[in-house]
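Here's a quick look at aromatic rings and the company they keep. Have the structure open as you read.

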Amino acid sequence: MTKQKPIELTNSRYRLGYHVAAPSGWINDPNGFCYFDGYYHVFYQHYPYSTEWGPMHWGHARSKNLVHWESLPIALTPGDKEDEDGCFSGSAIEKDGVLYLFYTGHHYYGDGDKEHFWQNQNMAYSTDGIHFTKYENNPIIAKEPGDNTHHFRDPKVWEKDGVYYMILGSQGEDGLGRAIVYSSKDLLDWEYEGPISKANGLKTEGFMWECPDFFNLDGKDILLLSPQGIDAQGKDYLNLFQTGYFIGDYDYKTATFTRGEFHELDKGHDFYATQTTLAPDGRRIVIAWMDMWESPMPEQEDGWAGVLTIPRELRLKNDHLYMTPVKELEGLRIKEVSNDSAVVSKELLVAEDASSSEVLVDIPLTGTNQEEVSFSLKTSNEELVLLTYSKATNEFILKRSDKDDLRYGTIQPCDKLSLRVFIDTSSIEIFINEGELVFTERFYTEEKTDVYVTVSEEETISYTVYQLDNNAVSYN
């Protein structure tokens, strides 16, 4: 039997320079984000034989500094009895010098109906962080609880006070999304604790909760997840599926999570399936898939599809998650151009040929009649991304040239707008006022891109532009 060969990369016009992607083929959710044996590891859902979604493998990359990434061999390949139709999303944890991966085995009933499937939970392990062996007694959890539907996936494992916990995304038999928890003393035998939280309604909190992550941050417990099926509500929840969080308090004795309302984490078009890890210095770092289901992906013509976001640090402030680029990304900077007293009468060109750039802009808002400020990414004949701020409403509106739907977000009243923007060939990630508001977007052009700032009243602003290393990811 001839071994199948991965699809070939045929064109690099949209390839990113400092974001994790696969050597070729399809990727989606980040998995197994962790720190092990001196490296940060990130895995991802991967189909190496097509630019379309297929039987999921676990692709793999590692980095010593969250900046320069090395692509590694595929970590998990489906086809065994416990995962015959896919190694779906999951997580990683270190125990006694061994790295354990927990993942969902996907199984079709063989009737041609892609919605007719069942799922179980499995484990694999490694001592070197590169070569993984599937546990001989898989599955570690053979089937979903009795009050669950067949939606039962994406295990995230953590340890607290000598006990291991696993949270799973699931759907109750009532058709509502929920998160369920298991516990274990040895990572092998798992006991069902029950559902810790569920959707309060189909249209308000969704029919399925994917990719749950659970952690304590600044004294509060955070359930970070990707609900499916939430209806758009005005200017919120405008993506096909959402990613966001609940803030609350978890009682480990009763397995109950008392929480508030759902909040979106990123207001852009292209942000889904987050996963976090705890850095050695205690920071909570998050990474996500920088695309969205059912969105056009022009890079599919070139032998690849999908990419991960830059790593971001999470902080909790006033019951709001702030998200900022990790400090290590300063290591990407190659060349600097700055101006701390640039006068803008209407429109100012801030950065030319910004295809691999970090742009910082500070715009004062006090003592002026400034009504509107905008930040745009343009080619010579097209405005690819336009972000407009209204001082009267503290609202940002984002418009993309290839989308007919806008995205919206608001910030607290402030004396100054501070924008930090990462641009990489076909992506832009915009962090506003220390990550109070974030927009993540893909865009596609083969032309040179420039950055402009526009004001409604003449103003003196400051900006810094860094050229970034566009060869920060090496592929095997």
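## Charges over rings

Let's start with a cation over a ring: Arg-62 lies over the face of Tyr-39, 3.9 Å from the ring centre. Keep in mind that this is a predicted model.

There's a lysine case as well. Lys-114 puts its charged end over the ring of Tyr-108, at 4.7 Å from the centre.

## Ring against ring

How many aromatic pairs does a search of the whole structure find? It turns up 25. Take Phe-43 and Phe-132: their ring centres are 5.7 Å apart and their planes sit at 80 degrees, and since over 60 counts as edge-to-face, that's what this pair is.

Phe-43 belongs to strand β2 (residues 39-47), while Phe-132 is in the loop between β7 (117-126) and β8 (133-134), so the pair ties together parts 89 residues apart in sequence.

Are these two rings buried or exposed? The cut-off for buried is under 20% relative accessible area. Phe-43 comes in at 0%, so it counts as buried, and Phe-132, at 15%, counts as buried too.

Some rings also group up: Trp-158, Tyr-165, Phe-214, Tyr-250, Tyr-252 and Phe-257 make one aromatic cluster.

## The annotated span

For the wider setting, UniProt lists residues 19-325 in an unreviewed entry as "domain: Glycosyl hydrolase family 32 N-terminal". In the model, that span is 54% strand and 1% helix. The C-alpha atoms at the ends of residues 19-325 are 13 Å apart.

Key: Residues are numbered from 1 along each chain as its sequence is written. This is a predicted model: local features need pLDDT of at least 70, side-chain atom pairs count only at pLDDT 80 or more; totals for chains, interfaces and linings use all residues. Side-chain values use heavy atoms; hydrogens and water are left out. UniProt positions are given in the numbering used here, feature names are shortened, and annotations may be inferred rather than shown by experiment. Helices (H or I, at least four residues) and strands (E, at least two) are DSSP runs, numbered from the N terminus. Rings of Phe, Tyr and Trp (its six-membered ring) pair if their centres lie within 6.5 Å; planes under 30 degrees apart count as stacked, over 60 as edge-to-face and the rest as tilted. Buried means under 20% relative accessible area, exposed over 50%, partly exposed in between (1.4 Å probe, protein chains only). A charge sits over a ring if NZ of Lys or CZ of Arg is within 6 Å of the ring centre and within 35 degrees of the ring normal.
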